[in-house]
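Grab a coffee and work through a few exercises on the structure shown below. Try each task yourself before you read its solution.

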Amino acid sequence: MFGFKKMDVSENLSVTENSIESDEMRTSDVQEIYLPDDIKASDTGNEELDEKISELSKLGYQFLKEGNTEDSINSFNEVLEIDPNNNYALVGLGDAMRKNHDYAKSIEYYNRCLEFHENNNYALFGLADCYKALNQFTKAIQIWEQYLKHDEKNITVLTRVADAYRKIRIFKRSKDIYLKVLELENTNPYALIGLGHLHYDYKEYKEALHYWTRMYNQNQDSCDIRVLTSLGNCHRKLKTYADGIPYFNKALERDPVNFYALFGMADCYRGLNRQKESIYFWNKILDIDPENKVILTRAGDAYRNIGEFDKAKEYYEKALDIDFDIYAAIGLALLCKDEGKYDEAITRLQSLIRDDRKNYRLYVDLAECYLKMNRKADAIATLEEFQKSGIKSQAVNDLMDRIK
């Protein structure tokens, strides 16, 4: 029986962004094998049967290549009727089931292949990818490590192993493997992206920026939009907001309604205290997603900061009509404070403190309301109540010092 050796697996860079923080930038496509014309798929000793198996195998892989999994499965099953342990058919069925996201069946076929052909690298690769898809990263790692014993410089497998170690938060092992990939291929996009995420996950934003910038510099004109937003997000985290704006701008040139780019622009302008520009982008998001209570609250904050109190109230109340939002509720309390409605602000802040006794900001705002009403003793009592909780806050201590 023909045994599979090294794979030459080609991948297209695919970058996904599951959240504003972009915690995942690659997806793995199903990697199939395709039967060369000059290789037999079976060696039964019967030339006629071998020829039939070969033709059915080629047909099965052709169907698989075309995305026709139903006919592919039928072809491979015909092979198994003739040769029940045929490695091409078993791997092909595993690939077909994996394409259909039927991972349990896929695992069954790969394992069946490995029972008879223990070093079949395609079965090992497929099996590991199934476990990865099921978020069983430890199992995936064990299989990929087994694969690497036969092909230690396979970049595709190395990057997958590094990704998996990153997922289970084994920082050093993940980083070492990514760096090994870069030694083999210093422009490898998966290693650069992975290292960016690895450092980002550990809040090492300058290091993340370094690797994502290397990725960006390879081809600025066609750089994936999610690399652009990830670069922008690093600058948001580093509070270098002005440096983040160009990346989000480039992303919006590619996709004018990209949520992450719009959010990034709005948040950068918020960080620069350019509230009117910030409002423009918050409203761009709301044009697409009018019931996003987080964005309604952010827009309300921006309107409050520029003194448009009626607009701010409208946005906060819209957010609260959708569902309770602590930040919208705080926003309304601060709005009352800004408008000089201290009694109402105090009532709202006291209610919020009952539900969130660890939020120092609420105590500071409440104390400031008391001071505005010349109720110094109440202001001190409010701050002392927070200090008794044992939580440290410089803002609370500074206000107490100013009062005393």
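The exercises go from model confidence to helix packing, and then on to single residues.

**Exercise 1. Find out how far this model can be trusted, and where to be careful.**

Solution. Start with the fact that this is a predicted model. The mean pLDDT of the protein is 89, and 89% of the residues reach at least 70. Next, go through the elements: helix 14 (residues 275-288) has the highest mean pLDDT, 98, while helix 1 (residues 47-65) has the lowest, 89. Now look at residues 1-39, where pLDDT stays under 50. The model does have 127 contacts beyond four places in sequence for that stretch. Still, coordinates predicted with low pLDDT should not be read in detail.

**Exercise 2. Describe the overall make-up: how many helices and strands are there, and what share of the residues is buried?**

Solution. Count the elements and you get 21 helices and zero strands. Then turn to burial: 49% of the 404 residues count as buried. Last, check the contacts with a separation of 6 or more: 49% of them join residues 24 or more positions apart.

**Exercise 3. Work out how helix 3 and helix 4 are oriented relative to each other, and what they meet with.**

Solution. Two packed helices are described by the angle and the distance between their axes. Here, helix 3 (residues 87-99) and helix 4 (residues 103-116) cross at roughly 165°, with axes that come within 8 Å. Angles over 145 degrees count as roughly antiparallel, and therefore helix 3 and helix 4 are roughly antiparallel to each other. The crossing of helix 3 and helix 4 is left-handed. On the helix 3 side, the contact uses Asn87, Leu90, Val91, Leu93, Gly94, Asp95, Met97 and Arg98; helix 4 brings Tyr103, Lys105, Ser106, Tyr109, Tyr110, Arg112 and Cys113. Sort the residues of this contact of helix 3 with helix 4 by class and you find eight nonpolar, three polar and four charged.

**Exercise 4. Do the same for helix 21 with its partners helix 19 and helix 20: which pair is roughly parallel, and which is roughly antiparallel?**

Solution, step one: helix 19. Helix 19 (residues 360-372) packs on helix 21 (residues 394-403) at about 20°, and their axes are 9 Å apart. Under 35 degrees counts as roughly parallel, so that is what helix 19 is to helix 21. Their crossing is left-handed. Tyr360, Val364, Ala367, Glu368 and Leu371 of helix 19 meet Ala395, Val396, Leu399 and Ile403 of helix 21. By class, the contact of helix 19 with helix 21 has eight nonpolar residues, one charged and no polar.

Step two: helix 20. The axes of helix 20 (residues 376-388) and helix 21 cross at roughly 150° and come within 10 Å. Helix 20 and helix 21 are therefore roughly antiparallel. The crossing of helix 20 and helix 21 is left-handed. The contact is made by Lys376, Ala379, Ile380, Leu383, Glu384, Phe386 and Gln387 from helix 20, with Val396, Asn397, Leu399, Met400 and Ile403 from helix 21. The class tally for helix 20 with helix 21 is eight nonpolar, two polar and two charged.

**Exercise 5. Look at the backbone of Asn135 and Arg169: what is the sign of phi in each?**

Solution. Keep in mind that most residues other than glycine have a negative phi. Asn135 is not a glycine, yet its phi is positive, about 60°. Arg169 also has a positive phi, near 60°. Now place them: Asn135 is in the loop between helix 5 (121-133) and helix 6 (137-148), and Arg169 is in the loop between helix 7 (155-167) and helix 8 (171-184). For accessibility, Asn135 has a relative accessible area of 56% and is exposed, whereas Arg169, at 48%, is partly exposed.

**Exercise 6. Decide for Leu349 and Leu64: buried or exposed?**

Solution. Leu349 is in helix 18 (residues 342-355). Its relative accessible area is 0%, so Leu349 is buried. Leaving out residues up to four places away in sequence, Leu349 touches Ala333, Leu362, Asp365, Leu366 and Cys369. Ala333 is 16 residues from Leu349 along the chain, with 6.3 Å between their C-alpha atoms.

Leu64 lies in helix 1 and is also buried, at 0% relative accessibility. The C-alpha atoms of Leu64 and Lys99 are separated by 8.9 Å, and the two residues are 35 apart along the chain.

How values were computed
Residues numbered from 1 in each chain as written. Predicted model: local features only at pLDDT ≥ 70, side-chain atom pairs only at ≥ 80, totals over all residues. Heavy atoms only, no water. pLDDT = per-residue confidence, 0-100. Helix = DSSP H or I, 4+ residues; strand = E, 2+ residues; numbered from the N terminus. Contact = heavy atoms within 4.5 Å. Axes fitted to C-alpha atoms, helices over the stretch in contact; angles between N-to-C directions. Parallel < 35°, antiparallel > 145°, perpendicular 65-115°, else oblique. Left-handed = near helix turned anticlockwise from the far one by under 90°. Nonpolar A, V, L, I, M, F, W, Y, C, P; charged D, E, K, R; others polar. Buried < 20%, exposed > 50% of the residue type's maximum accessible area, 1.4 Å probe, protein only.
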